[in-house]
Amino acid sequence: MSDTGRPEPQRLAKRLAAQLPCSRGDAERYIAGGWVRVDGVVVEEPMERVRDEQVVTLDPKAKLESLASVTLIWHKPAGHVLPEAPLLPDDIAARWFTPELRFAGDRSGVRPLKAHRHKLLPVAPLGELSSGLMVFTQNPGVARKMTDDATQLEHEWLAEVAADPALEDGARRDEVLRSLGKPAFFDGWAVPTARASWQSEFRLRLAIKGNRPGQVPHLCERAGLQLTGLRRLRLGRIALAGLPVGQWRYLMPYERF
């Protein structure tokens, strides 16, 4: 009882457990699963405090199931900086992966939950100036595969280079492709050769296994090019495939890297 004589607000999980009735653990699972509303608004935090006069309801379609780990595909905009932390902080995830920014073409059928923005591991991160496909996962199996197979995973890039009159010469353009296809040492490591092709006058498409930070800029510099933009189009078998800049989607069950 508070100083005003009114009952103290109680935890939502405790209130729901008494109301259904069910165990406290089941109540927490219902809430985290996005099945519970307080005064008509979905609340996903079991610790949320509710007053006696507030209306708590359970969705008639509610399922008592454990939350599955998810993997998110994101089209990173250039200029976005990933913090130097093992996991993406929840406050940043809440800004980047809002329901409004979810890709309209997402066919996964997954209901977006607050829990899906917690403990997300960035896989093969992109630097501040790079854009394109990025992966965040809660799934230990996905994280392990991406780590164990990192050197064999192919990355496809679209590289924009500065205008150069010399590139108007076909022989010079062929020389660039030969340079990009030569074996290279970078940061003390032998890195795989790149398969490259010209997509337009100042745009190259490259496919390279592995993703050592700075690897593509190094190869472009070695070929005498000034890199002005870099976008990752594909990671393994997962491609951007029309995903707009800044938007995200869930990895489909049948998709594999």
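Mentor: Accessible areas come from the Shrake-Rupley method with a 1.4 Å probe, and for residues only the protein chains shown count as cover. The model is a predicted one, in which local features need a pLDDT of at least 70 and side-chain atom pairs count only at pLDDT 80 or more, while totals for chains, interfaces and linings use all residues. Residues are numbered from 1 along each chain as its sequence is written, and side-chain values use heavy atoms, with hydrogens and water left out.

Trainee: What share of the area that the chain exposes is supplied by carbon and sulfur atoms?

Mentor: Buried residues (under 20% relative accessible area, against over 50% for exposed and partly exposed in between, with a 1.4 Å probe and protein chains only) make up 40% of the 257 residues. The chain exposes about 14,100 Å², and the share from carbon and sulfur is 53%.

Trainee: What radius of gyration does the chain have, set against a compact globule of 257 residues?

Mentor: The C-alpha trace spans about 85 × 35 × 30 Å along its principal axes. The radius is taken over C-alpha atoms, and the globule rule is 2.2 Å times the number of residues to the power 0.38. For 257 residues a compact globule would come near 18 Å, but the chain has 24 Å.

Trainee: Which strands stand at the edges of the open sheet that includes β3 and β5?

Mentor: Helices (H or I, at least four residues) and strands (E, at least two) are DSSP runs numbered from the N terminus, and two strands pair if DSSP finds at least two bridges between them. Three strands form this antiparallel sheet in the order β3-β2-β5. Each edge strand has a single partner, so one side of each lacks a neighbour in the sheet, and these strands are β3 (41-42) and β5 (56-58).

Trainee: Which residue of β3 is the bridge partner of Arg37?

Mentor: Strand β2, residues 36-38, pairs with β3 in the antiparallel sense over two bridges. Across from Arg37, the partner in β3 is Val42.

Trainee: At what angle does helix α1 run to β5?

Mentor: In α1, the buried residues are Leu12, Ala13, Arg15, Leu16 and Ala17, and their cover includes α2, β2 and β5, where contact means heavy atoms within 4.5 Å. Axes are lines fitted to C-alpha atoms, for helices over the stretch in contact, and angles run from 0 to 180 degrees between N-to-C directions. Helix α1 (residues 12-19) lies across β2 and β5, and its angle to β5 is about 65°.

Trainee: Which residue with a positive phi follows α2?

Mentor: Helix α2 spans residues 24-32, with Ala27, Tyr30, Ile31 and Ala32 buried, and the cover of its buried residues includes α1, β2 and β5. After α2 comes a residue whose phi is near 75°, namely Gly34.

Trainee: How many residues are in the largest nonpolar core?

Mentor: A nonpolar core is a set of buried Ala, Val, Leu, Ile, Met, Phe, Trp, Tyr and Cys residues joined through side-chain atoms within 4.5 Å. Among the members touching the most others are Trp96, Phe136 and Leu204; Leu204 itself touches residues including Trp157, Val176 and Leu225. Apart from this core lies another, of 15 residues, with Val135 and Leu233 among them. The number of residues in the largest core is 35.

Trainee: Which residue of β13 stands opposite Trp157?

Mentor: Seven of the eight residues of β9 are buried. Strand β9 (residues 154-161) pairs antiparallel with β14 over seven bridges, and Trp157 stands opposite Arg232 there. With strand β13 (residues 203-209), β9 likewise pairs antiparallel over seven bridges. The residue of β13 opposite Trp157 is Leu206.

Trainee: Does strand β14 run parallel or antiparallel to strand β8?

Mentor: Antiparallel pairing over two bridges joins β14 to strand β15 (residues 238-239), with Ile238 as the partner of Leu235. Between β8 (residues 131-137) and β14 (residues 227-235) there are also two bridges, and Gly132 stands opposite Arg232. The direction of β8 and β14 is parallel.

Trainee: Which residue takes a positive phi in the hairpin of β14 and β15?

Mentor: His155 has Leu235 of β14 as its bridge partner. The hairpin has two residues between its strands, and the one with a positive phi, near 65°, is Gly236.

Note on methods:
Lists of a residue's contacts leave out its neighbours within four places in sequence.
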